[in-house]
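Subject: Structure for you to look at

Hello,

I am passing on the structure we talked about. Please open it first; my notes follow below.

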Amino acid sequence: TVLQRPVRLPGYVVPLANAQDGRLTELLFVPFYGACIHVPPPPPNQIIHVTLATPIALGNLWDPYRLAGRLQVKRFDADIASASYDAAAATLTVIRN
């Protein structure tokens, strides 16, 4: 199991909250671009709720990112989708081609 072990996963960002300076602090991490725009959203077992260790300036929503952190099973419900996993104090980096 990957739970509580360090993971590095590719995916896309759905912003949930920003710091006062506009940098991203909280998000849903999804397997494909536009995942939570379409109805229905992906199932909760394909979505990770993320709280970043350090806020970041978000680029384009269609940019792929790599999530690094530790996963735990923890339900999170937002208006646009629900997540079955949580990654607190995680980091995100843009995947460059």
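Is Gly11 buried or exposed? Gly11 counts as buried, because its relative accessibility is 3% and the cut-off for buried is under 20%. Please keep in mind throughout that this is a predicted model.

Strands around Gly11

Gly11 belongs to strand S1, which covers residues 6-18. S1 pairs with two strands that I looked at. One of them is S4 (residues 65-70), in the antiparallel sense and over six bridges. In that pairing, Gly11 has Tyr65 of S4 as its bridge partner. The other is S2 (residues 24-30), again antiparallel and over six bridges. There, Asn18 is matched with Leu24 of S2.

S1 and S2 make a hairpin, with five residues between the two strands. Gly22 lies in the turn and has a positive phi of about 95 degrees.

Apart from neighbours within four places in sequence, Gly11 is in contact with Phe29, Val30, Asp63, Pro64 and Tyr65. Ala90 is 79 residues from Gly11 along the chain, and their C-alpha atoms are separated by 14 Å.

The loop between S3 and S4

Asp63, one of the contacts of Gly11, sits in the loop between strand S3 (48-56) and S4. With residues up to four places away in sequence not counted, Asp63 touches Gly11 and Tyr12. Asp63 is buried, yet it has no salt bridge. The nearest side chain of opposite charge is that of Arg96, at 5.4 Å. A salt bridge requires a nitrogen-to-oxygen distance within 4 Å, so the pair does not qualify.

Trp62 is in that loop between S3 and S4 as well. Which class does Trp62 fall into, buried or exposed? Trp62 is exposed, because its relative accessible area is 52% and the cut-off for exposed is over 50%. Together with Tyr33, Ile37 and Leu61, Trp62 forms a nonpolar patch on the surface. The accessible area of these four residues together is about 460 Å².

Salt bridges

How many salt bridges does the structure hold? There are two. One joins the side chains of Arg23 and Asp21, at 2.7 Å from N to O. Arg23 is partly exposed, as its relative accessible area is 33%. The other joins the side chains of Arg75 and Asp77, at 3.0 Å from N to O. Both Arg75 and Asp77 are exposed.

Strands S5 and S6

Ala78 is in the loop between strand S5 (72-77) and strand S6 (82-94). Its relative accessibility is 23%, so Ala78 counts as partly exposed. Ala78 and Leu28 are 50 residues apart in sequence, while their C-alpha atoms are 9.2 Å apart in space.

Ala89 is a residue of strand S6. What is the phi of Ala89? It is near 55 degrees, which is a positive value in a residue other than glycine. Ala89 counts as exposed because its relative accessibility is 57%.

If you look at one place first, I would suggest the contact between Gly11 and Asp63. Gly11 is buried, and Asp63 is buried without a salt bridge.

Regards

Notes. Residues are numbered from 1 along each chain as its sequence is written. This is a predicted model: local features need pLDDT of at least 70, side-chain atom pairs count only at pLDDT 80 or more; totals for chains, interfaces and linings use all residues. Side-chain values use heavy atoms; hydrogens and water are left out. Two strands pair if DSSP finds at least two bridges between them. Helices (H or I, at least four residues) and strands (E, at least two) are DSSP runs, numbered from the N terminus. Buried means under 20% relative accessible area, exposed over 50%, partly exposed in between (1.4 Å probe, protein chains only). Lys and Arg count as positive and Asp and Glu as negative; His and the chain ends are not counted. Contact means heavy atoms within 4.5 Å. Patches are made of residues with over 30% relative accessible area and no salt bridge: like charges are joined within 9 Å, nonpolar side chains (Val, Leu, Ile, Met, Phe, Trp, Tyr) within 5 Å. Accessible areas come from the Shrake-Rupley method with a 1.4 Å probe; for residues, only the protein chains shown count as cover.
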